[in-house]
Amino acid sequence: MGRKEMIAMLLAGGEGKRLGVLTKDVAKPAVHFGGKYRIIDFTLSNCTHSGIDTVGVLTQYQPLELNRYLGIGSPWGLDRRDGGMAILPPYVKKKGGDWYKGTANAIYQNMAYIESYSPEYVLIISGDHIYKMDYEQMLLHHKKCGADVTIAGIEVDWKEASRFGVMHVDDEDRITAFEEKPKVPTSNLASMGVYIFTWPVLQKYLTRDEGTRGSNHDFGKDIIPAMMKDGRNLHSYSFRGYWKDVGTIESLWEANMDLLEREPGLDLRDQDWRIFSVSPNRPAQYLSATAEVSTSLVNEGCVIEGKVDRSVLFCGVQSGVDSVIFESVIMPNVTIGAGAKIYRAIIGEGAVIKEGVTIGSPDDETITVVASDEYISNFHTLQEVELP
């Protein structure tokens, strides 16, 4: 195999418990987003645009749907002989094997894969964030600083800061303090879970961590604090674009609604930074004489006979006469009967909402979730939210 300056290791084994029924049968990176995509499309597309042609995708929880979707990496230009995409599930080794015990352990178990490319740098990314980012610019920053690790950081709302690892940095972007998910944050500069490591340094810390009793084998909880303690050169890379951790029902719904703004923070129409995905290859959408569609994304193969307002519809959605879809995310191949009304909901793939059913309420801010392939029968009013 050819030597690579930097390869990417994409962590895609997340269970996504906070997404509840949406991740009952699929890994979080395989969840649908934005009318046309899966969440993992964003980090893979970032790799493509950043010139990274070697990506190891580490899977674990419910990998079947994700593996089928990824295939050999063709939509992202990763179907190549030298490098390309490799699916890396846990496997039994000569001296035994185990499930990935944490983010760091997942990389540790795949050090042989990394070594086969003799990289100078390793990019660690996650498959469950929505953003567009040039990793090549981050690598240039890493080299300029002579860093052992560079962590991409973004300022978040103080109310959200406790969900992330948070950093303090000096005037030269050097990280002076790091805390993983503190109860009382002292900074709102959050780690995006995007790391560039100088590979020999990372290799040393992964090996040490694997032998440390009581370790969580996690980058934020163990590897980064150990490097801080040893006085290693840790730097932050400031990111000022759109970034969303869609790990909760609320954040997933909000991120979809963000796309409906006239000038959205995340521009999916940017031809210079396209988000690549597996095309459903469906016929054009059909809007009947009774259809009313406003401020919405309606994908191919949809048949619309009712009213759609401020909503995101994936391919193959069918809505009957006098139906109402308002501020909702309707995933692929959902059937919505005549007179059904859906307010502020996420409807899972293949669900059937029969005639006359009401889901949610126009006067309620609650987000209702319907599982994939769920059958909601006639005269059934659903207003409760299914949260993890």
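# Exercises on a predicted model

At 68% relative accessibility, Asn281 counts as exposed, where exposed means over 50% relative accessible area, buried under 20%, and partly exposed in between (1.4 Å probe, protein chains only). The model is predicted, so local features need pLDDT of at least 70 and side-chain atom pairs count only at pLDDT 80 or more, while totals for chains, interfaces and linings use all residues. Residues are numbered from 1 along each chain as its sequence is written, and side-chain values use heavy atoms, with hydrogens and water left out.

## Exercise 1: Three residues

Task. Determine where Asn281, His217 and Pro200 are located, and state whether His217 and Pro200 are buried or exposed.

Solution.

Step 1. Asn281 belongs to the loop between H8 and S14. Helices (H or I, at least four residues) and strands (E, at least two) are DSSP runs, numbered from the N terminus. The phi of Asn281 is near 55°, a positive value in a residue other than glycine.

Step 2. His217 is located in the loop between H6 and H7. Its phi is likewise positive, near 55°. His217 has 9% relative accessibility and therefore counts as buried.

Step 3. Pro200 is part of helix H6 (residues 199–210). With 52% relative accessibility, Pro200 counts as exposed. From C-alpha to C-alpha, Pro200 and Val55 are 19 Å apart in space, and they are 145 residues apart in sequence.

## Exercise 2: A hairpin

Task. Describe how S9 and S10 pair, and identify the turn residue with a positive phi.

Solution.

Step 1. Strand S9 (residues 165–169) pairs with strand S10 (residues 175–180) in the antiparallel sense, over five bridges. Two strands pair if DSSP finds at least two bridges between them.

Step 2. His168 has Ala177 in S10 as its bridge partner.

Step 3. The two strands form a hairpin with five residues between them. In the turn, Asp173 has a positive phi of about 70°.

## Exercise 3: Two open sheets

Task. Give the strand order of the sheet that contains S16 and of the sheet that contains S14, and explain what is special about the edge strands.

Solution.

Step 1. Five strands make up an open sheet in the order S16-S19-S22-S25-S28, with parallel pairing. Strand S16 (297–298) and strand S28 (368–370) stand at the edges; each has a single partner strand, so one side of each is left without a neighbour in the sheet.

Step 2. S16 pairs with strand S19 (residues 312–313) in the parallel sense over two bridges. Leu297 has Val312 in S19 as its bridge partner.

Step 3. Another open sheet has six strands in the order S14-S17-S20-S23-S26-S29, and the pairing is parallel. Its edges are strand S14 (286–287) and strand S29 (375–376), each with a single partner strand, so one side of each has no neighbour in the sheet.

Step 4. Within this sheet, strand S23 (residues 335–336) and strand S26 (residues 352–353) are joined in the parallel sense over two bridges. Ile336 stands opposite Ile353 in S26.

## Exercise 4: Enclosed elements

Task. Explain why H8 and S12 are described as largely enclosed.

Solution.

Step 1. In H8, seven of the 10 residues are buried, so H8 is largely enclosed by the rest of the structure. Among the buried residues are Ile249, Leu252, Trp253 and Met257.

Step 2. The buried residues of H8 pack against strand S2 (32–33), S13, S19, S22, S25 and S28. Contact means heavy atoms within 4.5 Å.

Step 3. In strand S12 (residues 234–238), four of the five residues are buried, so S12 is largely enclosed by the rest of the structure. S12 runs parallel to strand S8 (residues 149–155), to which five bridges join it. Val149 has Leu234 in S12 as its bridge partner.

## Exercise 5: The lining of the largest pocket

Task. State which element supplies the largest share of the lining of the largest pocket, and divide the lining residues by class.

Solution.

Step 1. S11 supplies the largest share of the lining, four residues. Helix H3 (103–108), strand S11 (189–198), helix H7 (219–229) and strand S13 (243–245) each supply at least two residues.

Step 2. By class, the lining has 10 nonpolar, 14 polar and 12 charged residues. Here Ala, Val, Leu, Ile, Met, Phe, Trp, Tyr, Cys and Pro count as nonpolar, Asp, Glu, Lys and Arg as charged, and the others, Gly among them, as polar.
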